[in-house]
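Me: I'd love a close look at a single part of this protein. Could you take your time and show me how that part fits into its surroundings?

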Amino acid sequence: MPFLKWVGGKRQLMTEIEPLLPTRISTYYEPFVGGGAVFLHTQPKKAVINDYNSELINVYETIRDNVDALIAHLAIHENNSEYFYQIRALDRREGFNELSKVERASRVIYLNKTCFNGLYRVNSSGEFNTPFGRYKNPNIINETVLRAVSNYLQKNDIKLLNGDYQDALKNIRKGSFVYFDPPYDPVSKSSNFTGYVQGGFDDKEQERLRDTCVKLNEKGINFLLSNSATELMKDLYSHKDFQIIEVGATRHINSVGSKRGEVKEILVRNYG
Ligand SMILES: C[S@@+](CC[C@H](N)C(=O)[O-])C[C@H]1O[C@@H](n2cnc3c(N)ncnc32)[C@H](O)[C@@H]1O
């Protein structure tokens, strides 16, 4: 029951991911949680969830702590381009940090539901820059889903963190399981989309993540990772303990419309 459309959202891959998850997990980790499709589908009782995007983590916190105020605030939004660009521009103005947590969460949900393809993209200054999506009836207030997610986050042992994935994994113990859904290695450098956060996620970052997986493997911790089926990825994850499974996934979002369609992805895991 995802409450956001998120680039690389795992809704279509869910049927392929689900049977590959371990059956016994003490703590579920998702250090690149994004829209949290796998997390919210699996609904573990104990989890550590992280993302580098502070506006996104604030949405999770606000849904957990203040869902009534959030639902009420979402009702003020208008679906027209002038209003959209006014709300989008708030992070370019002084005083953005003085907005309340509810106002900031409401802004992210509104922009996500009304912007082009639900793309959360920022420019090099960290400002949201996706254009207006011109949808007739965007579902801005999905009250049932927001309340269900709020209830789930309150009733279970879910830690929400906002930082780099490596920090989120610092105190991980044996018996835990990690699902990594990092920004993907671009299939063609021209269709490159790495703009979730300032700085992007380049080949060096993919290598750092592989090194993290090798370390987890040495500690005896199970992980599953998704990425695009590029030569770089197949090469980085060729390791005697790693199994690479190729799956076909239709990407929701591609910056070049004509290149949409079937894009092969890989799932890598270190357990059988
Ligand atoms: C592919 S998306 C995750 C999609 C998500 N699993 C879903 O189903 O919607 C990747 C996420 O990684 C986050 N990210 C990028 N660099 C990061 C880093 N160094 N540490 C933690 N998160 C990072 C981005 O903000 C983005 O939300």
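To set the scene, how many helices and strands does the secondary structure of the protein come to? After that, please walk me through helix 3 and what its buried residues pack against.

Reply: Happy to! This is a predicted model, and its secondary structure comes to 10 helices and 7 strands. Of the 272 residues in the protein, 36% are buried.

Now to helix 3, which covers residues 54-65. At 1.5 Å a residue, its 12 residues should span 16 Å, and the end C-alpha atoms are indeed 16 Å apart, so expectation and model agree. Five names to look for here are Leu-56, Val-59, Tyr-60, Thr-62 and Ile-63, which are buried. Viewed down the helix axis, the buried residues fall within an arc of 165 degrees, so they line one face of helix 3. The general background is that an α-helix has 3.6 residues a turn, so residues three or four places apart point the same way.

What does that face meet? The buried residues of helix 3 pack against strand 2 (46-50) and strand 3 (157-161), along with helix 4 (67-74), helix 6 (101-114) and helix 7 (143-155).

Ile-63 also leads us to the largest nonpolar core, which has 54 residues. Ile-63 is among those with the most contacts inside this core, together with Tyr-29, Leu-70, Val-178, Phe-180 and Phe-223. Helix 6 supplies the largest share of the core, 5 residues. Because domain 1 (14-52 + 163-269) and domain 2 (65-144) both give residues to this core, it lies between them.

Methods:
Residues numbered from 1 in each chain as written. Predicted model: local features only at pLDDT ≥ 70, side-chain atom pairs only at ≥ 80, totals over all residues. Helix = DSSP H or I, 4+ residues; strand = E, 2+ residues; numbered from the N terminus. Expected span 1.5 Å × (residues − 1). Buried ≥ 20, exposed ≤ 12 C-beta atoms within 10 Å, placed from the backbone. Arc of directions from axis to C-beta. Contact = placed C-beta atoms within 7 Å. Core = buried A, V, L, I, M, F, W, Y, C linked by C-beta atoms within 7 Å. Domains from an automatic or database assignment.
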